[in-house]
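Subject: Structure handover

Hello,

Here is the structure I promised to pass on. Please open it next to this email. My notes follow below.

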Amino acid sequence: MVDTTNFMSEYVKADELKAGDKAVILDEGEISEGDYGLQMNVTVELKGERRQLTINKTNCKRISEVFGSENKQWIGKVIGMEPSKVMVAGKLKDTIIMTPIVETARPEIKPGCAHERTIPLPGTDKGYCAACGQLVTIK
C-alpha cells in the first residue's frame, strides 16, 4: 500500500488545515474564472512552504475590507485560515474561511530561532520568519 499522507498538492486544501493556521501572502495573484465564479490565486507561505491558495469571492471581500481593494496591498499581509464546510449547489463542500490579521503588537521572538528563513516584506525593513512565524526587523 502506498502512503499518500506526504503527497502535498501545489494548492492549499481545507482538509490539511487546522483552526488558527496562518499564511503570508507573497504576491498580488491572478484573477480567474472558477467553477463557482471569479476567484483569485495567490502564492502564500504556509508552514514554511510556498504554496498556491485559491481565494473565493467571499474571502476576497473579507480580505479587501481590511487590507484594501488593490491586491498589491495584500503582499506581506497575514491571513488566518480555518477549514469549514458550506453548502454549494446543494452539496456540502470543503472550504477555507480566511480572516485578515492585523498585527498591532510586536510578537514575542521564540527562543532558539535565528530567523534564517525570513521573507522580506516589500517596501519595509520587516520580514516574516517562515521558521517560527514571527514578524521581525531585517538588519
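**Overall layout**

Along the sequence, the secondary structure runs β-β-β-β-α-β-β-β-β-β. That makes one helix and nine strands. Please keep in mind that this is a predicted model.

The protein has 139 residues, and 33% of them count as buried. The accessible surface is about 9,200 Å². Carbon and sulfur atoms hold 51% of that surface. Now the contacts. Take those between residues with a separation of 6 or more: 46% of them join residues 24 or more positions apart.

**Salt bridges**

How many salt bridges does the count come to? The count is four.

Start with Glu16 and Arg51. Their side chains meet in a salt bridge, at 2.7 Å from N to O. This pair ties together distant parts of the chain. Glu16 sits in the segment before β1 (21-25), while Arg51 belongs to strand β4 (residues 49-55). The two are 35 residues apart. Is Arg51 buried or exposed? Arg51 is buried, at 4% relative accessibility. The cut-off for buried is under 20%, so Arg51 at 4% qualifies. Glu16 is partly exposed, with a relative accessible area of 28%. So this bridge joins a buried arginine to a partly exposed glutamate.

Next come Lys18 and Asp21. They form a salt bridge too, with the closest N and O atoms 3.1 Å apart. Lys18 is exposed, at 52% relative accessibility. The cut-off for exposed is over 50%, so Lys18 at 52% makes the class. Asp21 is buried, with a relative accessible area of 6%. Lys18 and Asp21 also belong to a network of salt bridges, and Lys47 is linked into that network with them.

Then there is Asp94 with Lys85. Their side chains meet in a salt bridge, at 2.5 Å from N to O. Asp94 counts as partly exposed, at 49% relative accessibility. Exposed would need over 50%, so Asp94 at 49% stays in the partly exposed class.

**A loop residue: Asn71**

Where does Asn71 lie? Asn71 is in the loop between α1 (57-67) and β5 (78-88). Asn71 is buried all the same, with a relative accessible area of 18%. The limit is under 20%, which is why 18% still counts as buried for Asn71. Leaving out residues up to four places away in sequence, Asn71 touches Glu28, Gly29 and Met40.

**The sheet β7-β8-β9**

Three strands make up an open sheet, in the order β7-β8-β9, with antiparallel pairing. Which strands stand at the edges? They are β7 (118-120) and β9 (135-137). Each has a single partner strand, so one side of each is left without a neighbour in the sheet. On average, neighbouring strands here are turned by 40 degrees against each other, direction ignored.

Strand β8 (residues 126-129) is joined to β9 by three bridges, and the two run antiparallel. To find this pairing on screen, look for Tyr128: its bridge partner in β9 is Leu135.

**Where to look**

Three stops cover these notes. Glu16 with Arg51 is the salt bridge that links distant parts of the chain. Asn71 is the buried residue in the loop between α1 and β5. Tyr128 and Leu135 are bridge partners in the open sheet.

Best wishes

Terms used
Residues are numbered from 1 along each chain as its sequence is written. This is a predicted model: local features need pLDDT of at least 70, side-chain atom pairs count only at pLDDT 80 or more; totals for chains, interfaces and linings use all residues. Side-chain values use heavy atoms; hydrogens and water are left out. Helices (H or I, at least four residues) and strands (E, at least two) are DSSP runs, numbered from the N terminus. Buried means under 20% relative accessible area, exposed over 50%, partly exposed in between (1.4 Å probe, protein chains only). Contact means heavy atoms within 4.5 Å. Accessible areas come from the Shrake-Rupley method with a 1.4 Å probe; for residues, only the protein chains shown count as cover. Two strands pair if DSSP finds at least two bridges between them. Axes are lines fitted to C-alpha atoms, for helices over the stretch in contact, and angles run from 0 to 180 degrees between N-to-C directions.
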